[in-house]
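Please open the model in your viewer and keep the selection panel at hand. The stops below go from one selection to the next, and each says what to look for there.

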Amino acid sequence: MMELIRVCIVTDDRNTFEACSEMLSSFSPGEFKIEWLAGFESAIEELKAFSGGVFLVDEFLKTLSCWDLLATIRQYPGIPPIIVLSHPAAGADTISPTEHLSLEERAMREGAFDLLPMPQLTPVLLVKMVRYAHRHSHTIADLATSEERYALAMKGTTDGIWDWNLETDEVFFSSRWKSLLGLAEDSIGSRPDEWFQRVHPADVLRLKGQLASHLAGHTPHFESEYRVLHHDGTYRWVISRGASVRGPDGKAYRMVGSQTDISGRKKVEQEILHRTVFEMLIRSISTKFINCPSKQIREAIAESLKSIG
């Protein structure tokens, strides 16, 4: 089913409205819902309560110009795509290429989506531009929603996020990533060494090897546990997980991941290990203590301690 595209034509001139309306409706009947907004004030009220669509705005309005309109609506959120309809200078039948280029540059600078010259306007050009503006506005809206979701996810997670642009060799470190290491927001740069130079010397080669293995395509995901230096001078255990984004040639151009503090887990694991070793010691000694003279008990203890390191 064809999507209905709302088109608001802002002009004081009936001929301009009818010309644009005819081009749209005759070229693609039923695709466009066309509305006429006569004048600056009507356009402002509609834009303030914007409910979607593409706006075709006449360069010349009786009260204020389209440039005034563009300047006014910049203060409101959710500005729709606006296409300016330009007219030739008095006494001229067409708009010269030089004049069109100058007007087009101004339109882009003022925030318009595009500028179309009325004398050279055709149904094909107008329909193509309205469709493109409509799709573009949806893409921008989807992107804004995606960025909002990402920002909320970043704010809600307890993990530190890192985003590595492999083409520029720059890494984005989230605020949470920095705070996990006791770092201020502006205390580090965006080079990979800001990360690697903080990794424990005994762990850094293993970490780099695991990253290289994933980037080479040997593993579907990256995961590594290592110690990293906190701002207070102590090392914290973390686990880092990530995945790469690859181009059509299979080469990775971006890698995104998270870093989670697992110091608490490592502490519990260490305590379990110590308890297990102690239990092994007790069992080893107890089996040798039964009916043994004191000298042999001392020798048994020394032997047991030696056997478990």
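Contact, as the word is used on this tour, means heavy atoms within 4.5 Å of each other. The coordinates belong to a predicted model.

Begin with the whole protein chain, which holds 10 helices and 10 strands. Of its 309 residues, 38% are buried, and its accessible surface comes to about 18,000 Å², with 56% of that belonging to carbon and sulfur atoms. If you list the contacts between residues at least 6 apart in sequence, 56% of them join residues at least 24 apart.

Next, select the open sheet of five strands, whose order is E2-E1-E3-E4-E5 and whose pairing is parallel. Its edge strands are E2, residues 32-37, and E5, residues 114-117, each of which pairs on one side only. Looking across this sheet, you will find neighbouring strands turned by 25 degrees against each other on average, with direction ignored.

Now narrow the selection to E3, residues 54-58, and E4, residues 82-86, which pair in the parallel sense over four bridges. Which residue of E4 does Leu56 stand opposite? Opposite Leu56 is Ile83.

Keep the sheet visible and add helix H3, residues 66-73, which packs on the sheet and touches E3, E4 and E5, while its direction makes about 165 degrees with that of E4. Then add helix H4, residues 97-110, which also packs on the sheet, where it touches E4 and E5, and whose direction makes about 150 degrees with that of E5.

For the last stop, move to helix H8, residues 204-215, and place a distance between its end C-alpha atoms, which are 17 Å apart; because a helix of 12 residues at 1.5 Å a residue should span 16 Å, the two values agree. Within H8, display the side chains of Val204, Leu207, Leu211 and His214, which are buried. These four residues cover an arc of only 95 degrees around the axis, and therefore lie on the same side of H8.

What do the buried residues of H8 pack against? Select strand E6 (160-165), helix H7 (193-196), strand E8 (222-229), strand E9 (235-246) and strand E10 (252-261), and you have the elements that the buried residues of H8 pack against. Finally, step just past the end of H8 to Gly217, which takes a positive phi of about 90 degrees.

Methods: Residues are numbered from 1 along each chain as its sequence is written. This is a predicted model: local features need pLDDT of at least 70, side-chain atom pairs count only at pLDDT 80 or more; totals for chains, interfaces and linings use all residues. Side-chain values use heavy atoms; hydrogens and water are left out. Two strands pair if DSSP finds at least two bridges between them. Helices (H or I, at least four residues) and strands (E, at least two) are DSSP runs, numbered from the N terminus. Axes are lines fitted to C-alpha atoms, for helices over the stretch in contact, and angles run from 0 to 180 degrees between N-to-C directions. The expected span of a helix is 1.5 Å times one less than its number of residues. Buried means under 20% relative accessible area, exposed over 50%, partly exposed in between (1.4 Å probe, protein chains only). The arc is that of the directions from the helix axis to the C-beta atoms. Accessible areas come from the Shrake-Rupley method with a 1.4 Å probe; for residues, only the protein chains shown count as cover.
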